Every structure is written in C-alpha cells, then in structure tokens.
Amino acid sequence: MSPTQHPSSPPPEPAPGSGAGTGHVHAHGHSHGPAAPVSKHLRKVIAAILIPFAAAVLIGLAVLWPGGAPDHERTGVGFDRQTQEATVTEVVEVSCKDVNASGGVPTGDTSTAEGSSAQQQADGTCKKATIRVDTGKDTGRTFTEIVQPDQSRQLSEGQEVVVAYEPSAPEDLQYSVTDVNRRLPLALLAGIFALAVVVVGRLRGLMALVALAVSFLVLTFFILPAILQGSNPLIVAVVGASAIMLLALYLCHGLSARTSVAVLGTLISLLLIGVLGSVFIGWAALTGNTDDNTGLIHGLYPEIDMSGLLLAGVIIGSLGVLDDVTVTQTSAVWELHEANPSMGWRGLYRAGIRIGRDHIASVVNTLVLAYAGAALPLLLLFSIAQSGVGTVANSELVAEEIVRTLIGSIGLVASVPVTTALAALVVSADRPTGGREPAQGERPVAARGGRGRRRKH
C-alpha cells in the first residue's frame with residue numbers, strides 16, 4: 001500500500017509470485033478462527049480415507065454389538081456378589097476377648113505378624129456395630145458386626161456403608177460390611193470437575209464433557225459386554241477405540257481438515273500399538289491372568305482370551321494420550337502456517353517436530369509415572385522382599401506393566417513425526433489458484449505468494 005492510499009480503499013492486485021497479498025489473507029484467516037484447507041482436491045483425499053474408515057467402524061459396531069452382559073450364577077467372590085446399601089446405626093466398645101474376635105487363642109508368639117495380631121485382638125477393645133440395610137428386599141433389617149482394633153476400616157455411627165449379601169449363608173451371617181459408600185464425595189468431586197472444565201473451556205469444555213460421556217457409553221454398552229460375550233478382545237478394542245476417537249475428536253474440535261489429520265495420525269499410531277502389542281505380548285508369554293480379578297474373570301468366562309484382553313487394555317489406555325498429542329501437533333502446524341504462509345512443508349515439519357520433542361519428553365514421563373503409581377503397592381512388596389531388579393522385571397506382574405508402558409510410549413513417540421508430517425503436507429499443499437469464493441462486494445484474492453519466494457532460495 002502506498003503512503004497516499006486511503007486505508008479503506010481496495011488493495012492493489014498482487015503480481016504473481018509476489019508476497020503482497022499475504023497480509024490480507026493472513027488477517028482473513030484469523031477473523032474466521034482456525035484456517036482449514038479450502039482445496040476441494042484435499043477435501044476429497046481426506047474424505048476418501050476417512051469415510052471408508054468410519055463406515056468400517058459402523059459395520060464393526062453393528063456386527064459385534066452385544067445384547068448385554070451374559071447372565072451367570074454368582075460366585076460370591078470379590079466383585080461377583082450381591083451388594084446393598086446400609087447405614088451404621090450404633091457403635092459400642094466391647095472386649096475382644098468377650099466376643100472372641102480373634103477367632104482363636106493366641107499362642108503367645110508375637111514374633112510373627114499373625115501372632116502379634118492375635119495377641120492385640122485378645123487384649124484390645126473391639127467395636128460392635130449395628131448396621132441397618134437400606135435397600136433390597138430386606139430393607140430395615142439389622143445385623144451386627146465386630147470391628148477388630150487392627151482393622152484398616154473402622155466404622156462410626158451414622159456412616160453409610162456397602163454390605164454383601166449371601167443368601168446361602170446362615171441367617172445371622174448373610175450380611176457383612178464390604179466397603180464404605182463413597183457416592184456423595186465422588187459425585188461432588190465430579191461436579192467440581194465438570195464446572196471447572198465448562199468455566200475455563202466454555203463451549204469446548206462442554207463438548208469435551210459430552211465426548212467423555214460418549215466414551216463411557218461406548219465402553220459400558222459395547223466394549224465390555226462384547227468381550228464378555230466371547231468376541232475377540234483385540235477386534236472389539238480396535239472398533240470401540242476407533243468409535244471413541246471419531247466421536248471425541250470431531251465433537252471437541254469440529255468437523256474440519258485439521259481434526260481429520262489428527263484422526264489419521266491417531267489411527268496410524270493405534271495400528272502401530274496394536275501390532276507391537278500383539279508381537280511382544282505373545283513373545284513375552286504374558287497371559288493377562290495375574291491377579292484375583294483376572295482370575296475370577298477367567299473362571300467365570302473361560303472362553304475369554306486373557307492375553308487379548310491385556311492387548312485391548314493397552315490400546316484403549318493409549319488412546320486418550322494419543323488424542324492429546326495428535327491434536328496438539330496438528331494445531332501447532334496449522335498455527336505455524338498461519339504465522340508464515342510462505343513456509344513449505346519441510347519448514348513446517350522441522351518447526352513442528354521441535355515442538356513435538358518437548359511434548360514427547362513430558363508425555364512419556366507422565367505415562368511411565370502413571371503406570372508406576374498404579375503399581376506402587378506391588379513395587380513395595382518387591383522392595384520388602386529385597387528382590388533384584390532383574391527378578392522384579394522378569395515377574396509377569398511387573399513385565400506386564402513394562403510391556404504396557406513401553407508399547408504405549410512407542411506409539412506416542414511415533415505419533416509426533418507421523419502427525420506432524422501429515423499436517424505439514426496437507427496444510428502446505430493447500431495453495432489453490434482460485435481460493436475461496438469472494439463475498440459480495442469483495443475483490444478476488446490472488447493465490448498466496450510463498451512459492452515465488454521459495455524458488456528464489
């Protein structure tokens with residue numbers, strides 16, 4: 001623009017290959033939010049990949065959709081028992097010796113944990129709690145339970161608890177306290193979380209909560225029942241994770257080419273995680289049956305492939321962090337392009353990968369610490385036993401977590417260059433000669449002039 005030109009007058013048409021029109025195009029992109037490729041060819045290419053993928057996911061959901069978790073006869077073990085809500089109505093102190101809380105006579109040998117506990121129970125003061133059943137067919141029924149002094153869970157009057165019901169037991173032993181009712185504090189915490197997300201994220205935050213709800217619905221009504229009905233856990237996990245990915249990303253970030261690139265990057269990374277998981281879980285001979293809960297599942301449903309269930313858990317567990325990485329990398333490349341439209345795909349890739357390296361360091365560390373935190377009691381047991389690092393790592397319990405962590409981390413690391421390259425190729429290839437359709441009264445905008453400058457280099 002010349003010094004004498006009025007600011008509101010139309011800008012002169014730029015010469016082909018020059019950068020005169022760049023400022024106008026950049027300002028227009030910011031006034032309408034994140035820029036998306038306008039090239040019909042690019043839209044067709046992305047649609048040609050994603051539409052068949054989405055159709056395959058829908059077909060997979062239709063074919064594998066379960067009718068609900070299959071019925072079985074309750075074992076009364078662990079989570080597989082009938083439970084009701086109850087309230088502690090009275091707590092009184094009694095002598096442990098009078099109620100025989102220890103279940104036996106102490107031997108006097110306090111050098112062992114069992115002997116020390118028996119002696120404390122014999123000499124200490126126990127609590128006799130009266131509990132009222134609040135739900136189920138026995139609502140209003142009361143029973144008593146003795147709480148020993150060394151028990152980790154101590155009952156108090158007015159406390160809400162969860163009780164287990166065993167109909168085959170003698171009448172006075174049919175009910176027993178199994179846990180504390182935590183629904184109120186958990187619901188309050190969930191409400192605070194939802195409020196914080198909406199206040200800070202506004203519409204994006206609200207859509208994120210909707211996507212979270214959809215993810216839980218897919219997990220509850222498709223993935224878990226389909227696995228229980230005997231479908232291959234790996235196939236179920238791939239179909240379910242793909243459905244969650246499509247719904248969550250497009251709900252949170254809109255139906256755009258930017259989001260589509262993030263979806264493609266996530267899909268490629270999930271495929272890599274699935275292949276690596278299948279190879280190394282089989283090679284390391286991990287059965288997936290390492291604790292009481294998995295043992296109970298295998299006992300109730302022996303047709304379930306437990307190693308496949310382990311691999312399904314790896315895929316689903318990696319999906320949430322993958323979404324974060326791929327969306328961040330795609331957004332970074334798009335913003336770099338908006339800041340400098342003349343930058344070619346190699347320059348965009350190099351700049352985006354520098355951002356990605358910082359992201360890799362923090363995300364991998366987060367993933368490893370998350371798994372380590374979940375397995376902390378197990379690691380403490382190995383530490384108490386003074387086992388060597390090699391022995392600890394070779395045990396199936398720890399090896400399972402190591403494989404899970406490393407496979408997920410490899411997928412995260414790979415997602416950075418893959419997504420960055422895809423985003424750089426898509427956004428830099430979108431340099432249409434005709435551009436968008438001009439609005440009424442607006443002069444057509446010439447093609448961006450970055451290519452001319454690049455040829456000079």
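**Entry 1: α7 and α13**

I looked up the handedness with which α7 and α13 cross, and the crossing is right-handed. I note here that the model is predicted. The two helices pack at an angle of about 150 degrees, and their axes lie 8 Å apart. Angles over 145 degrees count as roughly antiparallel, and α7 and α13 are therefore roughly antiparallel to each other.

I then listed the residues that meet. From α7 the list includes V261, L264, G265, I268 and L272; from α13 it includes V403, I407, G408, G411 and A414. By class, I recorded 16 nonpolar residues, 7 polar and no charged in this contact.

**Entry 2: the course of α13**

I examined α13 by itself. The helix runs over residues 396-429, which is 34 residues. From its first C-alpha to its last it reaches 49 Å, close to the 50 Å expected at 1.5 Å a residue. Where does α13 bend? I found a bend of about 25 degrees at S415, with a proline, P417, following within four residues. S415 is also among the α13 residues that meet α7.

**Entry 3: α2 and α7**

Next I turned to α7, residues 257-283, and its packing with α2, residues 40-64. Their axes come within 11 Å and cross at roughly 55 degrees. That angle makes α2 oblique to α7. I recorded the crossing as left-handed.

Which residues of α2 meet α7? They are I46, I49, L50 and F53, and their partners in α7 are A257, S260, V263, L264 and L267. I sorted this contact into 8 nonpolar residues, 1 polar and no charged. L264 of α7 appears in this list, and L264 is also named in the contact with α13.

**Entry 4: α6 and α9**

I moved on to α6, residues 233-253, and α9, residues 306-339. These helices pack at about 20 degrees, with 9 Å between their axes. Angles under 35 degrees count as roughly parallel, which makes α6 roughly parallel to α9. In passing α9, α6 makes a right-handed crossing.

Among the α6 residues in contact I noted P233, L234, A237, I244 and H253. Those of α9 include G308, L309, I315, L319 and D323. The contact has 15 nonpolar, 2 polar and 1 charged residues.

**Entry 5: the course of α9**

Finally I checked α9 in the way I had checked α13. At 1.5 Å a residue, its 34 residues should span 50 Å, and its end C-alpha atoms are 50 Å apart, so expectation and model agree. I also found a bend of about 35 degrees at L319. L319 is one of the α9 residues that meet α6.

Note on methods: Residues are numbered from 1 along each chain as its sequence is written. This is a predicted model: local features need pLDDT of at least 70, side-chain atom pairs count only at pLDDT 80 or more; totals for chains, interfaces and linings use all residues. Side-chain values use heavy atoms; hydrogens and water are left out. The expected span of a helix is 1.5 Å times one less than its number of residues. The bend at a residue is the angle between axes fitted to the seven residues ending there and the seven starting there. Axes are lines fitted to C-alpha atoms, for helices over the stretch in contact, and angles run from 0 to 180 degrees between N-to-C directions. Angles under 35 degrees count as roughly parallel, over 145 as roughly antiparallel, 65 to 115 as roughly perpendicular and the rest as oblique. A crossing is left-handed if the near helix is turned anticlockwise from the far one by less than a right angle, and right-handed if clockwise. Contact means heavy atoms within 4.5 Å. Ala, Val, Leu, Ile, Met, Phe, Trp, Tyr, Cys and Pro count as nonpolar, Asp, Glu, Lys and Arg as charged, and the others, Gly among them, as polar.
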